[in-house]
Amino acid sequence: MRVAVIVFPGSNADVDLYNAVEDVMGVPVDYVWHSATDLSGYDVILLPGGFSYGDYLRCGAVARFSPVMEQVVKAAEEGKLVMGICNGFQILTEVGLLPGALLRNRSLKFACKLSGLRVDNNNTPFTRDYAAGEEIQIPIAHGEGNYYCDEETLAKLRAGNQIVFRYSGENPNGSIDDIAGICNERGNVLGMMPHPERAVHKWMTSDDGRRMFTSILKTWREQNSVTTHA
Amino acid sequence: MFKAVVYVTLRESVLDPQGQAVKGALNTLGFDEVNNARIGKYMELELNSADRAQAEERVREMCEKLLANTVVEDYRFEIVEG
């Protein structure tokens, strides 16, 4: 198994994400520059947080046209696991792999703190190691995390159990239905505003993010019938 | 030479917190007649287009593809001789 952390000009959570994969999953991981045109050697594609292309025009709007994004879409269509965190989530909505859009926080303030989340769907490749409805603590750091979609899309997300995470305490950005993270219909593409890669060790205040990475690993092992040796 | 003047604003159905903050500030300053404020983006594009029709078609494409996110934004534009 090989993991790609895509790096755009302006990404800044790429190192955290890389370290989390290395520490928790213990599998080979590479930084892949946004100009790459071949992701066929990777099983899991991760889009990190940051401010790709300075977030000029709209967050994710320019990154979405990076050469690598065609390959990310292709990987998603092939059923590979694709996860976008923060700016990565914004890019996934801009490219159309996930519905809706991320708007300016309702408070107009950048929100940077530990945030309570509820795992509303633990039946995804990314969340299977959590209990259904479990409350976890994951840090957020964003100015544009206010998830928005129209009523029709929201009804579809609810019906398809695509709302994976909701803010369990105070909603820090005004997102519709307290949404913090969603997945696509097929369940292999996930986007979330909070940063699980920044909560993978006790000394990080919370290690509740670890299980996202163990979930991904478990899913891949099952799909590829790799037996683990204790 | 033509110039495109493009305006992008949040759709009416989408809450505009910046607009709300500006409206509140204006009301505080005594401009009570302000019922609503919407904040958007203004862009000028210098175009090397052969004619106006072509410029219009291309700018529409630019708006749809990049300049506006039609999930949450509306756009309009004018083509002027530049």
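This passage describes a pocket, a helix pair, a cavity and one strand residue in a predicted model.

The largest pocket holds about 420 Å³ of space. Its lining is made up of 24 residues. Nearest the centre of this pocket lie Leu103(A), Glu144(A), Leu10(B), Lys41(B) and Glu73(B). Both chains contribute elements to the lining. From chain A, helix H3 (87–94) and strand E5 (101–103) each supply at least two residues. From chain B, strand E1 (2–10), helix H1 (17–28) and strand E2 (40–47) each do so as well. By residue class, the lining of the largest pocket has 11 nonpolar, six polar and seven charged members.

Strand E2 of chain B also contains Leu45(B). In sequence, Leu45(B) and Ala4(B) stand 41 residues apart. In space, their C-alpha atoms are 5.0 Å apart. Ala4(B) is also among the residues that Leu45(B) touches, once residues up to four places away in sequence are set aside. The others are Phe2(B), Lys3(B), Val6(B), Met62(B) and Leu67(B).

Within chain A, two helices cross. The axes of helix H1 (residues 14–25) and helix H5 (residues 210–223) of chain A come within 10 Å. Their crossing angle is roughly 65 degrees. Angles of 65 to 115 degrees count as roughly perpendicular, and H1(A) and H5(A) are therefore described as roughly perpendicular to each other. The crossing of H1(A) and H5(A) is right-handed. On the H1(A) side, the contact involves Leu17(A), Ala20(A), Val21(A), Asp23(A), Val24(A) and Met25(A). These meet Arg210(A), Phe213(A), Thr214(A), Ile216(A) and Leu217(A) in H5(A). The residues of this contact comprise eight nonpolar, one polar and two charged.

The cavity search gave one cavity of 30 Å³ or more. The volume of the largest cavity is about 60 Å³. Its lining consists of Asp38(A), Leu39(A), Ser40(A), Gln71(A), Lys74(A), Ala75(A), Glu78(A) and Lys80(A). Four of these lining residues are charged, two are polar and two are nonpolar.

Terms used: Residues numbered from 1 in each chain as written. Chains lettered and ligands numbered in written order. Predicted model: local features only at pLDDT ≥ 70, side-chain atom pairs only at ≥ 80, totals over all residues. Heavy atoms only, no water. 1 Å grid on protein atoms, 1.4 Å probe; cavity = no way out; pocket = protein on both sides within 12 Å on 5 of 7 lines; lining within 4 Å. Points joined across faces, edges and corners; volume = space filled by probe spheres on them. Helix = DSSP H or I, 4+ residues; strand = E, 2+ residues; numbered from the N terminus. Nonpolar A, V, L, I, M, F, W, Y, C, P; charged D, E, K, R; others polar. Axes fitted to C-alpha atoms, helices over the stretch in contact; angles between N-to-C directions. Parallel < 35°, antiparallel > 145°, perpendicular 65-115°, else oblique. Left-handed = near helix turned anticlockwise from the far one by under 90°. Contact = heavy atoms within 4.5 Å.
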